[in-house]
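Student: I have this one open in my viewer, and I would love a close look at a single part. Could you take me through one strand and its surroundings?

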Amino acid sequence: MKTDWIVCGEAENGDAAIEMARSVKPDVVLLDYAMPVMNGLEAARILSALAPKCAILMYTMFASPDLSELARAAGVRAVLSKEVNGIGAVMEAIEAVAFGNAESLGAIG
């Protein structure tokens, strides 16, 4: 557990994530691709326009080169596979994008 991090919210769907981001203005958002109401790509497009300095990560069961390409076009800085990457990798990715080091992540999953 990172003691210098503050988890500012958890949303049950993409629409709720956008509304929460509007109010709490997070530095990093972790999205799933498969969410009810609005999927992660749609949410990422809106979030990246709403808060361009917010680092967006996607953690998904559906990681693929095609999804990674679409995600990056939507403003996602890194896509992590739930099948390949454990919580340690997620935490490393959050820290990397929070400090502007998404390039160091390379292709994940």
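Tutor: Happy to; here is a walk from strand 1 outward to its partners and the core. Keep in mind that this is a predicted model. Strand 1 covers residues 28-31, and its side chains alternate between two faces. Val 29 and Leu 31 point to one face and are buried, while Val 28 and Leu 30 point to the other and are not buried.

Now look sideways. Strand 1 pairs with strand 2 (residues 55-60) in the parallel sense, over four bridges, and Val 29 has Ile 56 of strand 2 opposite it. Helix 2 (residues 40-50) joins these two strands in a right-handed β-α-β unit.

That helix brings us to Leu 47, whose contacts beyond four places in sequence include both buried residues of the strand, Val 29 and Leu 31, along with Ile 56. Ala 17, Ile 18, Ala 21 and Pro 52 are also touched by Leu 47. Leu 31 and Leu 47, together with Met 58 and Val 76, have the most contacts inside the largest nonpolar core, a set of 19 residues. Two or more residues of this core come from each of helix 1, strand 1, helix 2, strand 2, helix 3 and strand 3, and the largest share, four residues, is from helix 2. A separate core of nine residues includes Tyr 59, Val 90, Ile 94 and Val 97.

Finally, strand 1 has another neighbor: the buried residues of helix 4 pack against strand 1, strand 2 and strand 3. They are Val 90, Ala 93, Ile 94, Ala 96 and Val 97. Viewed down the axis of helix 4, its buried residues fall within an arc of 165°, so they line one face of the helix.

Note on methods. Residues numbered from 1 in each chain as written. Predicted model: local features only at pLDDT ≥ 70, side-chain atom pairs only at ≥ 80, totals over all residues. Heavy atoms only, no water. Buried < 20%, exposed > 50% of the residue type's maximum accessible area, 1.4 Å probe, protein only. Pairing = 2+ DSSP bridges. Right-handed = clockwise from strand over helix to strand, strands pointing away. Core = buried A, V, L, I, M, F, W, Y, C linked by side-chain atoms within 4.5 Å. Contact = heavy atoms within 4.5 Å. Arc of directions from axis to C-beta.
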